[in-house]
Amino acid sequence: SSNGSPTNWNWNVNGPTSGSYSVANPNYNFITAGIYTITLLATSSSSLSCTVTKTLEIGNSPTLTVAGAGTPVCLPSGVVLSASGASSYTWLPGNYTGSLLSVFPTNNTAYILNANNGMCYNSTTVNITIGPAVQLNLSTTNNTLCPGNSATITATGGISYSINPGNITASTAVVSPTFNTNYTITAYNGTCYKTSY
């Protein structure tokens with residue numbers, strides 16, 4: 001109004017949630033998505049008034065879920081991170097797009113996922129940790145056998161072991177092969193593993 005600046009403000013917010021304010025610049029927190037109608041009645045000291053109405057659509061931020069992020073990565077393996085809950089995704093570092101990201105970090109790494117559902121966005125940090133490496137050491141009493149003889153294979157560096165063929169789950173195995181045989185020994189430390197042949 002040209003007859004004076006507003007001296008009184010009457011704000012009304014109506015929608016899934018509502019509120020009323022009598023200050024010039026209120027702060028309203030839209031915590032529920034939906035259609036809101038905001039009305040301002042401004043009155044000047046000369047009793048002139050002006051009403052303004054605005055309609056807003058408030059959306060929900062995406063609720064993000066990332067699969068594949070909870071287990072430590074065992075070098076040199078990687079992990080596939082799979083995001084859901086939005087319609088578009090950007091991963092940092094690298095500025096990769098899409099819901100799937102294959103990573104092969106060599107150190108503990110934090111990946112930032114920015115996601116958008118068309119109206120709103122959300123962001124989350126995905127921490128990838130590197131599991132402790134297994135130091136597998138092997139010894140044998142004899143690598144060359146004559147028929148009827150045996151050799152002892154001993155593995156160290158892990159918590160549990162697997163020796164095949166034979167499906168042996170001990171750190172030491174006495175083997176008596178009747179033909180040329182390659183043994184596969186795997187050591188596990190509870191998180192990661194290492195295999196030797």
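**Strands and rings: how the labels are earned**

Modeller: In this predicted model, three strands form an open sheet in the order β12-β13-β15, and the pairing is antiparallel.

Biologist: What makes β12 and β15 the edge strands?

Modeller: Each pairs on one side only. β12 covers 137-140 and β15 covers 172-175. Neighbouring strands of this sheet are turned by 15° against each other on average, with direction ignored.

Biologist: How do you know that β13 and β15 pair?

Modeller: Two strands pair if at least two bridges are found between them. Strand β13, residues 151-156, and β15 have four bridges, in the antiparallel sense. So they count as paired. T152 stands opposite V174 in β15.

Biologist: Now the rings. How many aromatic pairs does a search of the whole structure find?

Modeller: Four. One of them joins Y28 and F30.

Biologist: Why is the pair of Y28 and F30 called edge-to-face?

Modeller: Rings pair if their centres lie within 6.5 Å, and planes over 60 degrees apart count as edge-to-face. Here the centres are 4.8 Å apart and the planes make 75°. Both tests are met, so the name fits. F30 and Y36 also form an edge-to-face pair, with 4.8 Å centre to centre and 75° between the planes.

Biologist: Which residues do ring pairs link into a cluster?

Modeller: Y21, Y28, F30 and Y36.

Biologist: What makes Y36 buried?

Modeller: Buried means under 20% relative accessible area. Y36 has 0%, so it counts as buried.

Biologist: And why is F30 called partly exposed?

Modeller: Partly exposed lies between the 20% and 50% limits. F30 has a relative accessible area of 26%, so it is partly exposed.

Conventions:
Residues are numbered from 1 along each chain as its sequence is written. This is a predicted model: local features need pLDDT of at least 70, side-chain atom pairs count only at pLDDT 80 or more; totals for chains, interfaces and linings use all residues. Side-chain values use heavy atoms; hydrogens and water are left out. Rings of Phe, Tyr and Trp (its six-membered ring) pair if their centres lie within 6.5 Å; planes under 30 degrees apart count as stacked, over 60 as edge-to-face and the rest as tilted. Buried means under 20% relative accessible area, exposed over 50%, partly exposed in between (1.4 Å probe, protein chains only). Helices (H or I, at least four residues) and strands (E, at least two) are DSSP runs, numbered from the N terminus. Axes are lines fitted to C-alpha atoms, for helices over the stretch in contact, and angles run from 0 to 180 degrees between N-to-C directions.
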